[in-house]
Amino acid sequence: LLSDNCEIDNDTLLKYLNILKQNSYRLLRLVNNVLDSSKLENNFTDLTLVNCNILNIIENIVLSTGDYLEQNNKEIIFDTDEEEVYLCCDLEKIERVMLNLISNSLKYTSDNGIINITISTDWENKRLYVSLKDNGIGISQENSHYIFKRFTQVNNEITKSNKGSGIGLNIVKSIIEMHCGEIYLNENYTEGTEFIFYLPIRKCNSKGINSKTKSIDSRVERFNIELSDIYKFN
């Protein structure tokens, strides 16, 4: 406890305030995940669907994680085989999928790690594939069968200091399936971890659009919440 006449310099006070703010983000993320997981499990969640250029959306998400990548001494490489692919999706939920997968890659790779995000299109089957791979420790074949289940965590030395709730990937899987897509772990990739998901390339009709009120208007704030687990305190 601090005595009445104890003084704290501004830098120390700012550091404590940042720690308080970041832990508040982490707590909010945990609460959001628990609530959303329950809603998804009981089919109480709707999609707010719009037609959009999904490549532009994902690229902007990747670019927006630059500060977190720099802070964690990681590099991200983005590549796509097309410049425009319009499809029907819920922008905030796809954003959440990408942020969760990027956050996992940041946690499971050591310093100077590399994250590769590759988008490819299968026009014949009308599917857009997104691959996110890293050169981290990888996921064992035993753990690969459980990672999409709720409250599942992979035990390793790298993430002992900033473990998540074990709900994120379960939510990601539910969101992708709500879009009539699929996500899976590439068990043949041995140089780290690779997650692959696809979304159907299709347009929204007027009946499929839901103008639901957004609970968080600030995109920056959403990023801070979703990436709170990989923040480092100086």
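# Reading a fold, step by step

Q: Leaving aside neighbours within four places in sequence, which residues is L101 in contact with?
A: Skipping those neighbours, L101 is in contact with L132, L169, I183, F195 and F197. Keep in mind that we're looking at a predicted model here.

Q: Where does L101 lie, and is L101 buried or exposed?
A: L101 lies in helix α4. For the second part, you look at relative accessible area, and under 20% means buried. L101 has just 1%, so this residue is buried.

Q: How far apart are L101 and E194 in sequence and in space?
A: There are two distances to read here. Along the sequence, L101 and E194 are 93 residues apart, while their C-alpha atoms are 9.8 Å apart in space.

Q: And across the protein chain, what share of the contacts with a separation of 6 or more comes from residues 24 or more positions apart?
A: That share is 77%.

Q: What about S105: where is its place, and what does S105 touch beyond its neighbours within four places in sequence?
A: S105 also sits in helix α4. Beyond those neighbours, its contacts are I115, L132 and D134. The relative accessibility of S105 is 3%, so S105 counts as buried.

Q: Let's zoom out. How many helices and strands does the protein chain have?
A: You'll find seven helices and seven strands. Read from the N terminus on, the elements go α-β-α-α-β-β-α-β-β-α-α-β-β-α. Of the 234 residues in the protein chain, 43% are buried.

Q: How do I read the sheet: what is the order of its strands?
A: Go from one strand to the next across the sheet. The order is β2-β4-β5-β7-β6, an open sheet of five strands with mixed pairing. At the edges are β2 (75-80) and β6 (182-185), each of which pairs on one side only. From one strand to the next, the twist averages 15°.

Q: How many bridges join β6 to β7?
A: Four bridges do that, and β6 and β7 (residues 193-200) run antiparallel. Across this pair, I183 in β6 stands opposite F197 in β7.

Q: Which residues are on the covered face of β6, and which on the uncovered one?
A: I183 and L185 belong to the covered face, whereas E182 and Y184 belong to the uncovered one. You've met I183 already: this residue is among the contacts of L101.

Q: Which residues of helix α2 are buried?
A: In α2 (residues 54-64), the buried ones are I54, L55, I57, I58, I61 and V62. Their arc around the axis is only 165°, which puts these residues on the same side of α2.

Q: Which strands does α2 touch when it packs on the sheet?
A: α2 touches β2, β4 (114-122), β5 (127-134) and β7. Compare directions too: that of α2 makes about 170° with that of β2.

Q: How do I describe two packed helices?
A: You give the angle between their axes and the distance between the axes. Here, α4 (residues 91-107) and α6 (residues 168-178) pack at about 145°, and their axes are 10 Å apart. Their crossing is left-handed.

Q: Which residues of α4 and α6 meet?
A: From α4 you have K93, R96, V97, N100, L101 and N104, and from α6 you have G168, L169, I171, V172, I175 and I176. Sorted by character, the residues of this contact are seven nonpolar, three polar and two charged.

Q: Now the loops. What is phi of K126?
A: Phi of K126 is near 55°, which is positive, and K126 is a residue other than glycine. K126 belongs to the loop between β4 and β5. With a relative accessibility of 53%, K126 counts as exposed.

Q: And where is C180 found?
A: Look in the loop between α6 and β6. C180 is not a glycine either, yet its phi is positive, about 65°. At 45% relative accessibility, C180 counts as partly exposed.

Note on methods:
Residues are numbered from 1 along each chain as its sequence is written. This is a predicted model: local features need pLDDT of at least 70, side-chain atom pairs count only at pLDDT 80 or more; totals for chains, interfaces and linings use all residues. Side-chain values use heavy atoms; hydrogens and water are left out. Buried means under 20% relative accessible area, exposed over 50%, partly exposed in between (1.4 Å probe, protein chains only). Helices (H or I, at least four residues) and strands (E, at least two) are DSSP runs, numbered from the N terminus. The arc is that of the directions from the helix axis to the C-beta atoms. Two strands pair if DSSP finds at least two bridges between them. Axes are lines fitted to C-alpha atoms, for helices over the stretch in contact, and angles run from 0 to 180 degrees between N-to-C directions. Contact means heavy atoms within 4.5 Å. A crossing is left-handed if the near helix is turned anticlockwise from the far one by less than a right angle, and right-handed if clockwise. Ala, Val, Leu, Ile, Met, Phe, Trp, Tyr, Cys and Pro count as nonpolar, Asp, Glu, Lys and Arg as charged, and the others, Gly among them, as polar.
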